[in-house]
Amino acid sequence: MAGRISRRFIDELIARADIVELIGSRVPLKRAGHEFKACCPFHDEKTPSFSVSPDKQFYHCFGCGAHGTALSFLMEYDRLPFPEAVEDLAARLGLEVELEAPMARFGADAGQSDTDGAAASTGAGGGADPQAARAQYALLVRVMDHYRANLAANARARTYAAQRGLSPEIIERFGIGYAADSWNDLLRRFGAGEAAQAALAAAGLAIERDGSADSGTGSEEARALRPAAAARYYDRFRDRLMFPIRDTRGRVVGFGGRVLGSAEPKYLNSPETALFHKGRELYGLYETRLARRSLKRLLVVEGYMDVVRLHQHGLADAVATLGTATTPEHVRRALRLVSEIIFCFDGDRAGRAAAWRALQMVLPEARAGREIRFLFLPDGEDPDSLVGREGGERFQARIGTALPLSEYLLAQLAEQADVSHADGKARFIALSAPLLDKVAPGVYRELLLERIAAALELPVGRLQQWLASPTAAAQLAAARPAQGAPASARQSGRGSLVTQAITLLLHFPGAAAAVSAEQCAALATVGQPGVAVLSELLAQCGTLPGTAAPVTMAQTLERWRERHEYRRLCALAAAAPLVPDGAAASRELSEAVRRLLVQELPRRRLQALIEKARVDRLDDAEKLELQALTTDQAAGVGSPGRP
Ligand SMILES: [Zn+2]
């Protein structure tokens with residue numbers, strides 16, 4: 001089949017299909033209460049253990065564990081591949097199969113896709129109006145040219161750029177310009193008419209005044225922001241050296257501005273717009289690709305001034321994140337281009353904290369064949385100042401001393417846990433367990449395990465035993481897809497809170513209404529295994545944009561068919577529903593979510609203390625608190641495995 005079957009269509013198909021009629025046409029079904037029973041078509045049996053639920057649109061065999069939706073049944077019984085099963089079911093209902101429009105995608109789907117290269121290279125972001133995007137690209141280029149002309153014409157700005165060590169060639173190569181010290185320089189030049197002003201605002205270049213404060217009741221600050229009382233907008237960037245931010249195709253998507261005087265903030269970036277996403281773009285990547293035909297590595301620094309100055313000194317593979325911490329998207333983008341990344345951080349406290357955050361982001365991407373290293377500059381130095389003073393060659397030599405990921409990780413852990421005694425070893429293991437969890441199984445993970453075992457002077461097998469202790473096991477269980485028989489799943493109790501909540505939602509999608517939007521938002525930041533799935537299910541059941549809330553279990557499941565969580569969700573769907581009806585499900589779900597959020601509090605505190613210990617000294621009270629919290633966590637107090 002050409003193209004992908006539309007998710008919306010599958011949703012509709014499952015909503016319209018009647019699983020009792022479908023299975024009943026192949027297998028003689030007998031009514032039994034709310035459900036229908038039969039001898040299982042998938043294994044040999046004399047007494048019926050196969051049941052079909054019209055409410056859930058789901059079948060399940062207690063004998064062999066077979067289960068699924070109407071589509072699953074066609075796939076299993078008629079041995080059809082998925083697209084054919086869809087065609088078959090659609091034909092029965094007299095429906096025409098709908099294919100996905102190339103740009104229209106579910107948010108969840110786009111996030112999960114590994115082929116986001118395609119989505120990223122469109123730049124405009126999936127779904128943006130292409131005509132509006134073209135107009136915005138064109139406007140941003142004209143503004144860049146305007147800023148450049150401003151710089152050429154303004155002696156003060158030129159002097160400042162020269163003082164910062166920027167050569168005319170590098171200013172040209174990076175398209176650096178100057179935003180005039182004016183509230184409406186851009187607005188006068190490009191803002192003739194309401195539509196043009198709105199376009200400047202949409203591109204992140206102008207800011208709309210707070211309309212509600214027009215009656216004169218606005219704060220003093222708000223009034224101060226109104227140079228011309230009649231104007232609705234004002235320029236975002238004023239008296240700043242302007243660095244155009246280009247996407248990988250060289251299109252200007254936003255700007256970064258360094259103030260000339262002492263105004264705050266020192267650095268200001270374009271806000272998120274239809275074209276500009278901070279968490280995605282790496283400043284200097286386009287210029288790097290132009291400069292280096294064959295790109296082998298990327299040097300990731302913190303600011304655009306760093307990038308520009310490093311390029312000027314011959315380090316033309318420097319890029320920067322844009323006023324945000326390193327995101328997984330940054331790392332994935334970089335690793336699509338090169339197999340070696342060096343993260344470079346200022347030697348100060350903030351730099352060390354940023355390095356630790358970056359480490360957490362790169363761990364999921366770490367694997368054999370990829371080289372990820374960390375370079376720390378002397379305290380108080382940044383690449384800009386350092387390369388200016390000691391030159392490109394000395395800086396290049398520093399890069400040679402960067403710590404490999406594994407060494408940096410071990411050094412950080414060793415700073416917090418003294419492995420010369422047993423308690424310290426336990427702490428070391430407790431701290432390393434969540435980090436190891438982030439690393440994909442494979443050669444790299446094995447090597448990391450060996451390094452940790454060596455640091456602890458433990459055999460690897462022993463370390464693995466420790467890591468597999470009940471606490472760790474309970475936390476992992478919620479994330480690991482359960483493929484066992486449903487009977488054993490029921491015997492093992494109700495499972496973790498996350499598992500319980502997911503099970504309730506699968507059986508009673510309407511219970512999602514019992515969880516408030518605030519709770520959903522708070523839940524999204526809980527770091528427990530399975531919570532991401534729960535959050536997404538809650539969003540789906542509370543209606544995701546472009547969909548209706550699922551009415552049956554089958555609809556929910558079909559939305560997950562192509563995801564790796566699907567099997568796990570099916571197993572929970574086949575397990576006992578925990579409660580008899582929707583009202584009870586709402587109560588239980590609301591309670592489970594409340595408890596999840598409460599449990600998170602000590603974990604948050606522990607993380608905050610660990611973070612602080614890394615970059616600062618803990619006082620005695622904090623040390624005691626850290627010790628207590630670490631012991632609690634190791635003992636599994638408040639762990640998700642405990643009911
Ligand atoms: Zn069976």
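The axes used here are lines fitted to C-alpha atoms, for helices over the stretch in contact, and the angle between two of them runs from 0 to 180 degrees between N-to-C directions. The model to which this is applied is a predicted one. In it, the axes of helix H3 (residues 70-77) and helix H4 (residues 82-92) come within 9 Å and cross at roughly 115 degrees. Angles of 65 to 115 degrees count as roughly perpendicular, and H3 and H4 are therefore described as roughly perpendicular to each other. Their crossing is right-handed. On the H3 side the contact is made by Ala 70, Leu 71, Leu 74 and Met 75, and on the H4 side by Phe 82, Ala 85, Val 86, Asp 88 and Leu 89.

For the protein as a whole, the secondary structure comes to 30 helices and 16 strands. The protein has 643 residues, of which 35% count as buried. If one takes the contacts between residues at least 6 apart in sequence, 66% of them join residues at least 24 apart.

A second helix pair is H16 with H29. Helix H16 covers residues 349-362 and helix H29 covers residues 582-615; their axes come within 9 Å and cross at roughly 130 degrees. H16 and H29 are therefore oblique to each other. The crossing in which H16 passes H29 is right-handed. Arg 349, Arg 352, Ala 353 and Trp 356 make the contact from H16, while Glu 611, Arg 614 and Val 615 make it from H29.

The third pair brings in helix H19, which is described at more length below. Helix H18 (residues 405-416) packs with H19 at an angle of about 145 degrees, and the two axes are 9 Å apart. This crossing of H18 and H19 is right-handed. The residues that meet are Leu 409, Leu 413 and Gln 416 in H18 and Phe 428, Leu 431, Ser 432 and Leu 435 in H19.

How far apart are the end C-alpha atoms of helix H19? Helix H19 has 17 residues, 422-438, and at 1.5 Å a residue it should span 24 Å; the end C-alpha atoms are 25 Å apart, which agrees. H19 nevertheless has a kink of about 30 degrees at Ser 432, shortly before the proline Pro 434. Ser 432 is also one of the residues that meet H18, and it is buried, as are Arg 427, Phe 428, Ile 429, Ala 430 and Ala 433 in H19.

Gly 424 lies in H19 too. Is Gly 424 buried or partly exposed? A residue is buried if 20 or more other C-beta atoms lie within 10 Å of its own and exposed if 12 or fewer do; Gly 424 has 15 C-beta neighbours inside 10 Å, so it counts as partly exposed. Leaving aside neighbours within four places in sequence, Gly 424 is in contact with Ala 417, Asp 418 and Val 419. Gly 424 and Leu 456 are 32 residues apart in sequence, and their C-alpha atoms are 9.4 Å apart in space.

Some loops have backbone features that deserve a look. Glu 457 has a positive phi of about 55 degrees although it is not a glycine. Glu 457 is found in the loop between helix H20 (443-456) and helix H21 (460-467). With 9 other C-beta atoms within 10 Å, Glu 457 is exposed.

Asp 239 likewise is not a glycine, and it has a positive phi of about 50 degrees. Its place is in the loop between strand S8 (233-235) and strand S9 (240-246). Asp 239 has 19 other C-beta atoms within 10 Å and is partly exposed; the cut-off for a buried residue is 20 or more.

Asp 239 is linked in space to another loop residue, Asp 181. Asp 181 has its place in the loop between strand S6 (177-179) and helix H10 (185-190). Although Asp 181 and Asp 239 are 58 residues apart along the chain, their C-alpha atoms are separated by 4.1 Å. Not counting residues up to four places away in sequence, Asp 181 touches Arg 238 and Asp 239. Asp 181 is partly exposed, with 15 other C-beta atoms within 10 Å.

One further loop holds a cis peptide bond. It runs from Glu 264 to Pro 265, with omega near -5 degrees. Pro 265 is found in the loop between strand S10 (252-259) and strand S11 (267-269).

Methods. Residues numbered from 1 in each chain as written. Predicted model: local features only at pLDDT ≥ 70, side-chain atom pairs only at ≥ 80, totals over all residues. Helix = DSSP H or I, 4+ residues; strand = E, 2+ residues; numbered from the N terminus. Expected span 1.5 Å × (residues − 1). Bend = angle between axes of the 7 residues up to and from the residue. Parallel < 35°, antiparallel > 145°, perpendicular 65-115°, else oblique. Left-handed = near helix turned anticlockwise from the far one by under 90°. Contact = placed C-beta atoms within 7 Å.
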